[in-house]
Amino acid sequence: TLYPLLARLKSAGLLDYTWKESDAGPPRKYYSLTKDGEEFLNGLMSNWQKLVEAVNQSTRSLTANNKEVK
């Protein structure tokens, strides 16, 4: 679930957290990205964009081929 993932990201140095008091119960953790976490996220976003572009290019090629066949 979410909490083991957050713990792994914290252990990897990609996240940090702070405790804040709550009016409605126990203190709560608020997570934020570290500098390494921001760099990692930027890399993921770059790779995602490359994947999207590759899929779009493949789709355009398939669409163009289908129009030529008809």
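1. A quick yardstick before we start: a residue is called buried under 20% relative accessible area, exposed over 50%, and partly exposed in between. D16, at 37% relative accessibility, therefore counts as partly exposed. Please keep in mind throughout that this is a predicted model.

2. Let's begin with the strands. Strand 1 covers residues 15-22 and strand 2 covers residues 25-33, and the two pair in the antiparallel sense over seven bridges. The connection from strand 1 to strand 2 is a hairpin of two residues. If you would like to check the register in your viewer, two pairs will help: L15 has L33 in strand 2 as its bridge partner, and D16 stands opposite S32 in strand 2.

3. D16 deserves a second look for its side chain. Besides standing opposite S32, D16 meets K10 in a salt bridge, with an N to O distance of 3.9 Å. The cut-off for a salt bridge is 4 Å between the side-chain nitrogen and the carboxyl oxygen, so I would look at that value alongside the limit. How accessible is the partner, K10? With a relative accessibility of 31%, K10 is partly exposed, because this value falls between the two limits given above.

4. The structure holds two salt bridges, and K35 with E39 makes one of them, the closest N and O atoms being 4.0 Å apart. Why are K35 and E39 separated by about one helical turn? Because they are four residues apart in helix 2. On accessibility, K35 counts as exposed at 64%, while E39 counts as partly exposed at 47%.

5. Next, the link between strand 2 and helix 2. T34 is found in the loop that lies between strand 2 and helix 2, the helix running over 35-69. Is T34 buried or exposed? Its relative accessible area is 19%, which means that T34 is buried, the limit being 20%. A polar atom of the T34 side chain lies 3.0 Å from the backbone nitrogen of G37. Leaving aside residues up to four places away in sequence, T34 touches G13, L14, L15 and D16. D16 thus appears again here, as a contact of T34 as well as the salt-bridge partner of K10.

6. D36 lies in helix 2 and is partly exposed, with a relative accessible area of 46%. Which residues does D36 touch, not counting those up to four places away in sequence? They are G13 and L14, and both are also among the contacts of T34. For a sense of distance, D36 and D23 are 13 residues apart along the chain, and their C-alpha atoms are separated by 32 Å.

7. Finally, the surface. L33, F40, L41, L44 and M45 make a nonpolar surface patch of about 470 Å². Which element gives this patch its largest share? That is helix 2, with four residues. L44 is a member of the patch and has its place in helix 2. Patch residues need over 30% relative accessible area, so L44, partly exposed at 42%, meets that condition. L33 ties this point back to the strands: it belongs to the patch and is also the bridge partner of L15.

How values were computed
Residues numbered from 1 in each chain as written. Predicted model: local features only at pLDDT ≥ 70, side-chain atom pairs only at ≥ 80, totals over all residues. Heavy atoms only, no water. Pairing = 2+ DSSP bridges. Buried < 20%, exposed > 50% of the residue type's maximum accessible area, 1.4 Å probe, protein only. Polar contact = N/O pair within 3.5 Å; in protein donor to acceptor, adjacent residues only side chain to side chain. Contact = heavy atoms within 4.5 Å. Patch = residues over 30% accessible without salt bridge, like charges linked within 9 Å, V, L, I, M, F, W, Y side chains within 5 Å. Areas by Shrake-Rupley, 256 points an atom, 1.4 Å probe, with all protein chains shown as cover.
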